[in-house]
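Trainee: Hi, have you got a few minutes to go through a model with me?
Mentor: Sure, put it up and ask away.

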Amino acid sequence: MKATTNLENDHVYILRLCDVMEEMAQSGIADPAHLERVVSLIRNFADGLHHKKEEDLLFPKMAEKGFSPVQGPVAVMLHEHEEGRNYVRGIAGNIEPYKSGDKAAAEAVKYNLLGYAGLLKNHIAKENNILFRMADNALSAEEQDDLSAEFKKAEESMSPGGSSSHYIAQIEELAKIYGIG
Ligand SMILES: [Fe+2]
Ligand SMILES: [Fe+2]
């Protein structure tokens, strides 16, 4: 499997998590335990594992091919990862006051859920349609294979049970609860 395909497969589940987050915000009935699970899935899977594969492995490989990490498309992606982290802090930091019925915290949770989901949907579209196609043009089959092997190592070391399936099962559980088909 190409390394870029591995990342696109992660995107399918990150997008489902974004759908869950939008539904949580729009239905206004988010269970605080579900919010905690969303934060943990982002921090461990979407950001922890997936963005780590991009930031520590794909983007440096692309830098070798002339894609600068300080300007241009890779720099934009790095900046958007940071913006995502800000939204996650905005959710995490408001869960406790939200639990005690603080209305401003409820609004902040909603704002940050929608902000994260909107940002990531757009970000993933750019990666799938533009950035990864640039990577496919720049990397040889052997380089894609080497990156894939590195991705597998990251998955083994950063996932309970050694694969992403644990995270995917948790996302699917939330998708079921929030009626995401
Ligand atoms: Fe990304
Ligand atoms: Fe990505």
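**A chat about the two iron ions and the helices**

Mentor: Let's start with the metals: Glu54 bridges the iron ion (ligand 1) and the iron ion (ligand 2), and these two ions lie 3.3 Å apart. Keep in mind that this is a predicted model.

Trainee: Okay, which residues coordinate the iron ion (ligand 1)?
Mentor: Glu54 and Glu127 each through OE, and His81 and His123 each through NE2, at 2.1 to 2.2 Å.

Trainee: And what are the protein donors of the iron ion (ligand 2)?
Mentor: There you find His11 and His50 with their NE2 atoms, plus Glu54 and Glu127 with OE, lying 2.0 to 2.2 Å from the ion.

Trainee: How would you describe the site of the iron ion (ligand 1) from the angles among its donor atoms?
Mentor: That site is irregular, with angles of 86 to 179° among its four donor atoms. The site of the iron ion (ligand 2) is irregular as well, and there the angles among the four donor atoms run from 82 to 165°.

Trainee: How are the donor residues spaced in sequence for the iron ion (ligand 2)?
Mentor: The spacing is H-x38-H-x3-E-x72-E. The pair His11 and Glu54 links distant parts of the chain: His11 sits in helix α1 (residues 3–27) and Glu54 in helix α2 (residues 32–64), 43 residues apart. For the iron ion (ligand 1), the donor residues follow E-x26-H-x41-H-x3-E.

Trainee: What about His123 and Glu127, where do they lie?
Mentor: Both are in helix α5 (residues 103–138), four residues apart, which is about one turn of the helix. An α-helix has 3.6 residues a turn, so residues three or four places apart point the same way.

Trainee: Is Glu127 buried or exposed?
Mentor: Glu127 counts as buried because its relative accessibility is 0%, the cut-off being under 20%. Glu54 is buried too, at 0%. His11 is buried at 1%, and His123 is buried with a relative accessible area of 1%.

Trainee: Switching topic: how many salt bridges does a search of the whole structure find?
Mentor: It finds 20. One of them joins Glu172 and Arg16, whose closest N and O atoms are 2.7 Å apart. Glu172 lies in helix α7 (residues 165–177) and Arg16 in helix α1, so this pair ties together parts that are 156 residues apart in sequence.

Trainee: And how accessible is Glu172?
Mentor: Glu172 is partly exposed, with a relative accessible area of 28%, whereas Arg16 counts as buried at 17%.

Trainee: What does the side chain of Lys99 meet in a salt bridge?
Mentor: It meets the side chain of Glu36, at 3.1 Å from N to O. Lys99 is in helix α4 (residues 95–99) and Glu36 in helix α2, so to speak of sequence, they are 63 residues apart and link distant parts of the chain. Lys99 is partly exposed at 42% relative accessible area, and Glu36 is partly exposed at 34%.

Trainee: Which residue does Lys152 form a salt bridge with?
Mentor: With Glu155, the closest N and O atoms being 3.0 Å apart. Both residues lie in helix α6 (residues 141–158), three residues apart, about one turn of the helix. Lys152 counts as partly exposed at 43%, while Glu155 is buried at 6%. There is also a network, in which salt bridges that share partners join Lys2, Glu8, Arg133 and Asp136.

Trainee: Back to α2 for a second, where does that helix bend?
Mentor: At Ile42, by about 40°.

Trainee: And what caps the N-terminal end of α2?
Mentor: Asp31 does, with a side-chain oxygen 2.8 Å from the backbone nitrogen of Ala33. After α2 comes Gly66, whose phi is positive, near 105°.

Trainee: Last topic, the whole chain: how many helices and strands are there?
Mentor: Seven helices and zero strands.

Trainee: How does the radius of gyration fit a compact globule?
Mentor: It agrees, because a compact globule with 181 residues would have a value near 16 Å and the chain has 17 Å. The C-alpha atoms fill a box of roughly 55 × 35 × 25 Å along the principal axes, and buried residues make up 45% of the 181 residues.

Technical notes: Residues numbered from 1 in each chain as written. Chains lettered and ligands numbered in written order. Predicted model: local features only at pLDDT ≥ 70, side-chain atom pairs only at ≥ 80, totals over all residues. Heavy atoms only, no water. Donors = N, O, S within 2.8 Å, 3.2 Å for Na, K, Ca; no water. Tetrahedral: all angles 85-135°; square planar, octahedral: opposite > 155°, others 65-115°. Helix = DSSP H or I, 4+ residues; strand = E, 2+ residues; numbered from the N terminus. Buried < 20%, exposed > 50% of the residue type's maximum accessible area, 1.4 Å probe, protein only. Salt bridge = Lys/Arg side-chain N within 4 Å of Asp/Glu carboxyl O. Bend = angle between axes of the 7 residues up to and from the residue. Polar contact = N/O pair within 3.5 Å; in protein donor to acceptor, adjacent residues only side chain to side chain. Rg over C-alpha atoms; globule rule 2.2 N^0.38 Å.
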